[in-house]
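Grab a coffee and open the viewer: here is a set of short exercises on one chain, each with a worked solution. Try each task yourself before you read on.

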Amino acid sequence: MSLADPVLLAVGLLVAAALAWAAVAAARRRAAALASAGVAPGGRARLGGVWFTIAGVAVLAVAVAGPAASVPVSRASGTVILAVDVSGSMAATDVTPSRLAAAKRAALSFINAQPDKVDIGVVAFQRGGLEAALPTADHATAAAAVGRLTTGGGTSLDDAILASLSAITHKTVSIGRNGSAPDIGYWPSATIVLFSDGQDQTGAASGGTGTGTGVAAAVAEKVGVHIDTVGVGTTAGTTVDVDGYHLFTALDVATLKSISQATGGTYHPASDASELNGIASSIDLRLTVTHEPLPLAGAFIALALVLLAAGAVLTVTRSGRVV
C-alpha cells in the first residue's frame, strides 16, 4: 500500500496518540480520586467508547493520507505500430486504386477496430524509416497520420522494423557495424503490423552493412515483438513511374513471410482492398497486465465512521453523556 501524503498520516497518528495518552491520564486521575474517597473504580468498561473513538481518529488519519493499493489490471494489448511502406512502388495500381491507398484504408480499418486502451503509433518508411506518430491512446492522432501518407523514395524494410522498435521503446534502435544491437529490454505486449509490397533495399539504419531484414527481424524476435506482415500488391505485378523511369514492381511474398515467421507473427496476403479490410479482425493481439493504483481512502473513511459511531454509542449508553 502506498500513501499520497505520509505527513498527514504522521500528524493524524500523533493526534490519536495524544488522545490516548490523555484518556489514560484521565482514567488514572479518576481511579486515584475514587480510591482516596474509598470508592472502588468502575472498571475499564467505561473507557470502551473512548478507545473506539480514538481508533476511529487513527483510521481517519490513514484515510486523509491518501492510501492506495496496486492491483493488476488486464488490458487488450500494449502497443501496436502500423508501419506503412510509402516507397515509389506503392503508387502501383495493380491494387485499386493504388497499393498505398489500399494499405491506408486497411490501416484505418485496423485503428477503428481496436479498443481505446491500445496505444497505436504510425511509422511511414522509405529508406531510413520516417516516424509519423508516436504510440498514443488517442486513435484519432494515428488515423490522421495515416491519412497524410504519400509515396516517394525507396524502401528499406530493415529500417522500417528498427524505426518501429524505436517508437515502441522510445529509444533509438540501430544495428552497429559489427551486427550488434542495443539492449532495449523485453516488449512482449508490442506488435508491429507492416504494410508493404516487400520490395526491399538495404537499410541505412544498420550502419550500411548490407545486413538486410534478417538482422532487424532477429532484434524484434529477441525483444519479444511480433511482426505481422501485410502483402500489398499482386505477384503478377505492374509498371510504375518513379522519378521519370518506368519500373516493374511485383509483390515479394517470400520476403514478407520470412519477416513474420522469424518473429512468430503471421503473413496476410492481400491482393485487393476487400481482403485488406479484414486484416483488423484476423490479427490476434496479446493480453498484457498492468498495475494500477486503487484508492482506499473511501474504505478507511467508512471504517473510521463505524468506529466513531461505536464509540459514541458506548459513551452514551455507559455514561449517559455524549462526551
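**Exercise 1. Find which residues are linked in a network of salt bridges in this predicted model.**

Solution.
- Step 1: Start with the whole-structure search, which turns up two salt bridges.
- Step 2: Take the pair Arg99 and Asp94, whose side chains meet at 2.8 Å, N to O. That N-to-O distance passes because the cut-off for a salt bridge is within 4 Å.
- Step 3: Now take Asp197 and Arg99, with side chains meeting at 2.9 Å, N to O. This pair ties together distant parts of the chain: Asp197 sits in the loop between strand 6 (190–196) and helix 6 (213–222), Arg99 sits in helix 3, and 98 residues separate them.
- Step 4: Put the pairs together, and Asp94, Arg99 and Asp197 come out as the linked network.
- Step 5: Check the setting. Arg99 and Asp94 are both buried, and Asp197 is buried along with Arg99.
- A background reminder: opposite charges on side chains can pair when the charged atoms come close.

**Exercise 2. Work out where the cis peptide bond involving Pro97 lies, and what omega is.**

Solution.
- Step 1: Look at the bond joining Thr96 and Pro97; omega there is about -5°, and the bond is cis.
- Step 2: Place Pro97 on the fold: it belongs to the loop between strand 3 (79–85) and helix 3.
- Step 3: Look for a residue from elsewhere in the chain. The C-alpha atoms of Gly233 and Thr96 are 9.4 Å apart, although their positions lie 137 residues apart along the chain.
- Step 4: Place Gly233 too: its home is the loop between strand 7 (226–232) and strand 8 (238–242). With a relative accessible area of 1%, Gly233 is buried, because the cut-off is under 20%.

**Exercise 3. Decide how helix 3 and helix 4 pack: roughly parallel or roughly antiparallel?**

Solution.
- Step 1: Read off the geometry. Helix 3 (residues 99–113) and helix 4 (residues 139–147) pack at an angle of about 175°, and their axes are 10 Å apart.
- Step 2: Apply the cut-off: angles over 145 degrees count as roughly antiparallel, so helix 3 is roughly antiparallel to helix 4.
- Step 3: List who makes the contact. Helix 3 brings Lys104, Ala107, Leu108 and Ile111, while helix 4 brings His139, Ala142, Ala143, Val146 and Gly147.

**Exercise 4. Track down the residues that form a nonpolar patch on the surface, and the helices that supply at least two of them each.**

Solution.
- Step 1: Collect the members: Leu8, Leu60, Val64, Ile301 and Leu305, with about 410 Å² of accessible area together.
- Step 2: Assign them to helices. Helix 2 (48–64) and helix 10 (297–319) each supply at least two patch residues.
- Step 3: Test one member. Val64 is in helix 2, and its relative accessibility is 48%, so it counts as partly exposed.
- Step 4: Stay in helix 2 and look at Trp51. Trp51 is partly exposed as well, at 37% relative accessible area.
- Step 5: Check its neighbours. Leaving out residues up to four places away in sequence, Trp51 touches Ala20 and Val24. The C-alpha atoms of Trp51 and Leu314 are 10.0 Å apart, with their positions 263 residues apart along the chain.

**Exercise 5. In the loop between helix 5 and strand 6, decide whether His170 and Asp183 are buried or exposed.**

Solution.
- Step 1: Locate them. His170 is in the loop between helix 5 (157–169) and strand 6, and Asp183 is in the loop between helix 5 and strand 6 too.
- Step 2: Compare with the cut-off for exposed, which is over 50%. His170 has 58% relative accessibility, so it counts as exposed. Asp183 has 71%, so it counts as exposed.
- Step 3: Check the backbone of His170: phi is near 60°, a positive value in a residue other than glycine. For context, most residues other than glycine have a negative phi.
- Step 4: Find a partner for Asp183. Its C-alpha atom is 9.6 Å from that of Val219, 36 residues away along the chain.

How values were computed. Residues numbered from 1 in each chain as written. Predicted model: local features only at pLDDT ≥ 70, side-chain atom pairs only at ≥ 80, totals over all residues. Heavy atoms only, no water. Patch = residues over 30% accessible without salt bridge, like charges linked within 9 Å, V, L, I, M, F, W, Y side chains within 5 Å. Areas by Shrake-Rupley, 256 points an atom, 1.4 Å probe, with all protein chains shown as cover. Helix = DSSP H or I, 4+ residues; strand = E, 2+ residues; numbered from the N terminus. Buried < 20%, exposed > 50% of the residue type's maximum accessible area, 1.4 Å probe, protein only. Axes fitted to C-alpha atoms, helices over the stretch in contact; angles between N-to-C directions. Parallel < 35°, antiparallel > 145°, perpendicular 65-115°, else oblique. Contact = heavy atoms within 4.5 Å.
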